[in-house]
Amino acid sequence: GGVMCAAFSPDGALLLTASRDYTAKLWNADSGEYLRSLESHHRISSVAFSPDGSLVVIGFEYAAAQLWDPESGECVRILENRGRGVRSVVFSPPPRLAVLPGSR
């Protein structure tokens, strides 16, 4: 499916894309080499890297976000958003996560 959103790692080495097929994919930003998929069963609304690049967050239209380790490809935490879809996710220094709800 087509790419819905994307984010570069803070060092510019990785690119995280989210597609209509419910997958987020990590790419080597220099070579374009595909590295791994972060699988989901829901439509992705936004993606972001933490300021140090050690985590990525994926926001979903169905009212949740997930934190992932980009190196291992493991989901490390699920964040519920109290019944509202997630419009946008962003980290701010010091590492704090903002999950901005959408409207219903």
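The following paragraphs describe strand pairing, an aromatic contact and the cysteines in a predicted model.

Three strands provide the starting point. Strand E2, spanning residues 14–19, pairs with strand E3, spanning residues 23–28, in the antiparallel sense, and five bridges connect them. One position within this pairing is Leu16, whose bridge partner in E3 is Leu26. The hairpin of E2 and E3 has three residues between the strands, and Tyr22 takes a positive phi near 70 degrees there.

Strand E3 also pairs with strand E4, residues 34–39, again in the antiparallel sense and over five bridges. Leu26 has Arg36 as its bridge partner in E4. Leu26 is thus bridged to Leu16 of E2 and to Arg36 of E4. In the hairpin of E3 and E4, five residues lie between the strands, and Gly32 takes a positive phi near 80 degrees.

The aromatic side chains come next. The model contains one aromatic pair. Its members are Trp27 and Tyr34, with ring centres 5.4 Å apart; because their planes stand at 70 degrees, the pair is edge-to-face. Trp27 has a relative accessible area of 25% and is therefore partly exposed. Tyr34, at 40% relative accessibility, is likewise partly exposed.

The cysteines complete the description. A disulfide is a covalent bond between the sulfur atoms of two cysteines. The count of disulfides in this model is zero, as judged by whether cysteine sulfur atoms lie within 2.5 Å. Cys5 has 16% relative accessibility and so counts as buried, the cut-off being under 20%. Cys75, at 32% relative accessibility, counts as partly exposed.

Key. Residues numbered from 1 in each chain as written. Heavy atoms only, no water. Buried < 20%, exposed > 50% of the residue type's maximum accessible area, 1.4 Å probe, protein only. Phe/Tyr/Trp six-rings, centres within 6.5 Å; stacked < 30°, edge-to-face > 60°. Pairing = 2+ DSSP bridges. Helix = DSSP H or I, 4+ residues; strand = E, 2+ residues; numbered from the N terminus.
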